[in-house]
Amino acid sequence: MQLFHLILFFIGLGFGSFASVVIHRLHTRQKGIFLGRSKCPKCKHKLDAIDLIPVFGAIINKFKCKYCKKKISLHYPILELVMGSGFLATSILVSFDSLWLLLYYLIITFVFVLLSFYDIFFQEIPDEISVPTIILTGVVAYFGHLHEPKSLLIGFLIPVLFFGLLFVGSGGRWLGGGDVRIGAIMGFLLGWPNIITGLFFGYLLGSIYSAIGLISGKLNRKTPIPFGPFLFSGAYIALFWGHDIIGWYLGLM
Ligand SMILES: [Zn+2]
């Protein structure tokens, strides 16, 4: 690991903090500039700069507001750590030789982590983020020549038709319209045939989580499970290891 990677980890922590503000603003439909959390959500006391340092601020204050002593939700430091780790992993996996590709994959990482947490909190995928991301991935893949046009079209149609049919067929009970949009993002990001790897790992991770939850009694058959985080994890695995996995699989046949 080099200094660059460590710097990107800390930048990621900062973007994690920013993502929690974006999530809050989107959910409460507040407009305006996305400034950081500046007040305690409980007592509304203005926070110092030191309290706002991602992760470390929460640790220093022992996960409590230092004014009203109420517990600070663990969601904030967890989101920040996941974002930091995502930025670190992405910077290691993408060569610094291709700065535009690194920047693109960092944006993808930011969006994936933000939407995953939004889905976990509110069982919803906000259009304000998903629709521009569909456009971004489509434009970058096409004009950046990341995939052949035919690979893009097939990669896009498979998840959109598959999720679209499940959505319409179940009246939105098996999965939400947001999952169809995630499918479109995955299709443009991964192209054909890698989209299959992404969907496979998304389903695999989701199934493992559900199985463990059902066996341990933490979940029952009616518990709504946000599917987004699993799909995004599957897409991330396919993005960086998909070609190796497909090559390994074909080698077995
Ligand atoms: Zn407080």
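1. Let's start with the second largest pocket of this predicted model. About 720 Å³ of space lies in this pocket. Its lining is made up of 27 residues, and R173, W174, L175, I225 and F227 are the ones that lie nearest the centre, so to speak a good place to begin looking.2. Where does the lining of that pocket come from? Helix 7 (177–190) and helix 8 (194–216) each give at least two residues to the lining of the second largest pocket. Helix 8 provides the largest share, with 5 residues. Sorted by class, the lining holds 12 nonpolar residues, 9 polar ones and 6 charged ones.

3. While you are looking at these two helices, have a look at the link between them. P193 sits in the loop between helix 7 and helix 8, and the peptide bond that joins W192 to P193 is cis, with omega of about 5°. Most peptide bonds are trans.

4. Next, the chain as a whole. The domain assignment splits the chain into domain 1 (1–122) and domain 2 (125–253). Their C-alpha centres are 24 Å apart.

5. How much area do domain 1 and domain 2 bury between them? The figure is about 2000 Å², and 81% of this area is on carbon and sulfur atoms. On the domain 1 side, Y104, F112 and L115 lose the most area to domain 2, and together they account for 32% of what that side buries. Counted by contacts, 23 residues of domain 1 touch 22 residues of domain 2.

6. Helix 1 allows a friendly little check of the geometry. This helix has 26 residues (residues 3–28), and at 1.5 Å a residue it should span 38 Å; the C-alpha atoms at its ends are 38 Å apart, which agrees with that expectation.

7. Two backbone angles deserve a glance before you finish. Most residues other than glycine have a negative phi. Just after helix 1, R29 has a positive phi of about 55°. V55 is another residue other than glycine with a positive phi, near 60°, and V55 belongs to the loop between helix 1 and helix 2 (56–60).

How values were computed: Residues are numbered from 1 along each chain as its sequence is written. This is a predicted model: local features need pLDDT of at least 70, side-chain atom pairs count only at pLDDT 80 or more; totals for chains, interfaces and linings use all residues. Side-chain values use heavy atoms; hydrogens and water are left out. On a 1 Å grid over the protein atoms alone, a cavity is a set of points where a 1.4 Å probe fits but cannot get out, and a pocket is an open set with protein on both sides within 12 Å along at least five of seven lines; lining residues have an atom within 4 Å of a point. Grid points are joined across faces, edges and corners, and a volume is the space filled by probe spheres set on the points. Helices (H or I, at least four residues) and strands (E, at least two) are DSSP runs, numbered from the N terminus. Ala, Val, Leu, Ile, Met, Phe, Trp, Tyr, Cys and Pro count as nonpolar, Asp, Glu, Lys and Arg as charged, and the others, Gly among them, as polar. The expected span of a helix is 1.5 Å times one less than its number of residues. Domain bounds come from an automatic or database domain assignment. Contact means heavy atoms within 4.5 Å. Buried area is the accessible area (1.4 Å probe) that two parts lose on being put together, summed over both.
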